[in-house]
Each structure stands twice: as structure tokens, then as C-alpha cells.
Amino acid sequence: MTAVTTGWPPLADVVGGIREVLDRGGLITCLAHKDADADSLGSALGFALSMRALGREVRVLVPSPVPRLLEHLPGFDTISEDTGAEVEVLFTFDCATIQRFGDKQALVRDAPTVVNVDHHVSNEGFGGINLIEPEASATGQVVYDLLTALGAPITADVATNLYAALFTDTGGYRHANTNETVLRLGADLVAAGADPAWVALKSYNSRSVSRLKLEGIAVANLHTEFDGRLVWSEITQAMLAESGADMMESEGVIDQLQSIDTMKIAVLFKENGPNQTKVSVRTREPYDATTVCIPFGGGGHQRASGAELDESLAVFEPRVLEVARELLRSTR
Ligand SMILES: [Mn+2]
């Protein structure tokens, strides 16, 4: 990966501020993004467990619905549904925009102190303190750097969460963001107690029958254009009913689409409701996935991006596909 130059202050410049915030004492609230993946939730749980090991009072929150596919992550059972308690210090993980906090957006807006920990180049910088490392392969890596700088403990459970974050955000050490730094950190986390085979099993080989059926239906319904350079499919409510799966279980479908050899742009639409549609985009060189999602208020990374719109699938789908087609027409 080429180094990204941004205006974000380095860890050395913000760690003092973060230490000050922590030294105030009191409850620390850790928040993941909506439809949390293992990077977001693993980062939140990893940070929380490290703080808890220091004797701090910590609460982990996720926007609804709780991502039960991640129930293997240590500390998952401590996730709180209670948003009643006053939020003083709020740490957010792997979230680039306030919109991505779903039903917890107000919490972020109203919290007196927000520490925004992330690796998205598109981060809005909504925190009072922003620790953004766009060159990091995963937010879990940023959390590791932060905990190390704070001298906070990396227990086996912390290591497992951070390892799961790195491992899945690199697609099991397969994506373009797999580099020497992340592999060395992976080894350090294994030394600290993470079990790589167990994390791999839980991350990629623990699917339910309904989930595999749903993948089968979505793959059977895939469309190709531009000699297979554009690959797209959809998850409709009818497909969920047919397979017996829920929308959470559609997470691996985009990986199937991007496994096609000719693929340059892979697009997956998810019909969340009559007027609620989500799109996930994956690309290969030289195409930028955010180019397809930014026109619809979304964003993410160069190779992986997404957007959510209050539109029906029938309305949203052709609009997104036209942007993808135009990208393929213009770059050749
Ligand atoms: Mn991430």
C-alpha cells in the first residue's frame, strides 16, 4: 500500500490528551459502528477489556441490532443495551461518520468528550480528539498502538479481539492492506495469547446452513457486465425468506462476488426494507470503491466501500450501477 498523507496528528501528539481524558476517571463508554464488523467491535472490546484490566469502569455499546455473528469475541456478553447512564467519555472505533452510529448518533453528538479512533481516510474528524491512522490496515492496529503508548495491558482476551480485527479487515491476510506491519503485529498478538486457528475458524468457517443457502441463492443470481469486470448481485427480502437467513448473515456474499477472476468492480445490494437499501462495493486496481459510494452519501476505503439510502432497491440499484458502469467506461 502506498503511504497516505493526511493532516491527522500522529499518535505521539494526541496520546497526552487521551491520557488526560482517562485520568479524569469515571465511566468510559466504547462505541462500535452500526452493523459492526470484527474490526469495529473487536477494537471496542479490546480497548474496553484493557481498561477493565486496569480497574476502570467500562461500558461497550453498539448501535442496534447487536451483531450476534460476532458473539465469539471475548467480552461480547458484556455489551450493554443500556444507554441510560450519562456519557462523559466516549471512545468510538472504526467509524468515519456520525451517520454510521445508527440509533446511537445522538450519543456521539451529545457526549462532552469524544475520542475518535479509526483508520478510514474519509474520517470526518467528529471527535474532540481524533486518532486517525489511514495507513493502518485495521482500527485494531490503531488500538494496539494506543494501548501500547498508554502502557495499558494486552491480556489474552484483548489480544484475541485485536487479532480478530486485523485478521478480518485484511480478509484473512489476503487483501491489499496485508503488509509486513500487520503480519508482525499478528505475531505479537499470538504471543500475547490470541489463537489464530480459533479466530480463523470463528471468522470464516462457522456459517449456519441458512447463511450458506443465502450465499448460494445470491451467487446463482449474480449478473456480469463489461466482460465480467462488473459483477453484481442483490439480497432481497424474498431471498431471506427462501433461505431462512437474516440480513446479518449476508455478510460473506460480497466476498464470493469479489472472488471472480475478471472482477474489477463488485457490487452487492441489500434490501433492508421497502425504502431502505444498502450497497457494498469492492474494487481492484485502478478503481476506487469510494467513487461509486460517495455520490450516495457513503464512503470507506479505496478497495471496500459502502452506502445506505432511504430508497427502494428498484430505485437505488440502477443509479448505483450507472455510476459503476460510467467508471468502467471512463477508465480503460
Ligand atoms: Mn476497519
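Q: Let's start with the sheet. In what order do the strands sit, and how do they pair?
A: Strands of a sheet pair through backbone hydrogen bonds, and that pairing can be parallel or antiparallel. In this predicted model, five strands make an open sheet in the order β2-β1-β3-β4-β5, with parallel pairing. β2 (58–61) and β5 (129–132) are the edge strands, each pairing on one side only. From one strand to the next, the twist averages 15 degrees.

Q: Which helices pack on that sheet, and which strands do they touch?
A: Take α1 (residues 11–23) to begin with: this helix touches β1 (28–31), β3, β4 and β5, and its direction makes about 135 degrees with that of β5. Then there's α2, which packs on the sheet against β1, β2 and β3; its direction makes about 170 degrees with that of β2.

Q: Can we zoom in on the strand pairs? How many bridges join β1 to β2?
A: Four bridges link those two parallel strands. As an example of a matched pair, cysteine 30 has valine 60 in β2 as its bridge partner. Further along the sheet, β3 and β4 (residues 113–118) pair in the parallel sense over five bridges. There, threonine 92 stands opposite asparagine 116 in β4.

Q: Which way do the side chains of β1 point, and are they buried or exposed?
A: Ile28 and Cys30 point one way, Thr29 and Leu31 the other way, and all of them are buried.

Q: Back to α1. What span should this helix have, and what does the model give?
A: The check uses a rise of 1.5 Å a residue, so the 13 residues of α1 should span 18 Å. The end C-alpha atoms are 18 Å apart, which agrees. Just after α1, glycine 25 takes a positive phi of about 80 degrees.

Q: Which residues of α1 are buried, and what covers them?
A: The buried set is Leu11, Val14, Val15, Ile18, Val21 and Leu22. They cover an arc of only 120 degrees around the axis, so they end up on the same side of α1. What covers them includes β1, α2, β3, β4, β5 and α4 (139–150). On the other side of α1, you'll find Ala12, Asp13, Glu20 and Asp23 exposed.

Q: Let's follow one residue from that buried set. What does isoleucine 18 contact?
A: Isoleucine 18 belongs to helix α1. Its relative accessibility is 0%, and because the cut-off for buried is under 20%, isoleucine 18 counts as buried. Setting aside neighbours within four places in sequence, isoleucine 18 is in contact with Phe91, Val115, Ile129, Leu131 and Leu146. For a distance to check in your viewer, the C-alpha atoms of isoleucine 18 and serine 40 are separated by 19 Å, with their positions 22 residues apart along the chain.

Q: Now the metal. Which residues are the protein donors of the manganese ion?
A: For background, ideal angles at a metal are 109.5 degrees for four tetrahedral donors, and 90 or 180 degrees for six octahedral ones. Here the protein donors are Asp39 (OD), Asp94 (OD), His119 (NE2) and Asp169 (OD), at 2.1 to 2.4 Å from the manganese ion. Their spacing in sequence reads D-x54-D-x24-H-x49-D.

Q: Where do aspartate 39 and aspartate 94 sit?
A: This pair links distant parts of the chain, 55 residues apart. Aspartate 39 is in helix α2 (residues 38–53), while aspartate 94 is in the loop between β3 (89–93) and α3 (105–110).

Q: Are those two aspartates buried or exposed?
A: Aspartate 39 is buried, with a relative accessible area of 0%. Aspartate 94 is buried too, with a value of 3%.

Definitions and conventions
Residues are numbered from 1 along each chain as its sequence is written. This is a predicted model: local features need pLDDT of at least 70, side-chain atom pairs count only at pLDDT 80 or more; totals for chains, interfaces and linings use all residues. Side-chain values use heavy atoms; hydrogens and water are left out. Donors are N, O and S atoms within 2.8 Å of the metal (3.2 Å for Na, K and Ca); water is not among the atoms, so sites may look incomplete. Buried means under 20% relative accessible area, exposed over 50%, partly exposed in between (1.4 Å probe, protein chains only). Two strands pair if DSSP finds at least two bridges between them. Axes are lines fitted to C-alpha atoms, for helices over the stretch in contact, and angles run from 0 to 180 degrees between N-to-C directions. Contact means heavy atoms within 4.5 Å. The expected span of a helix is 1.5 Å times one less than its number of residues. The arc is that of the directions from the helix axis to the C-beta atoms.
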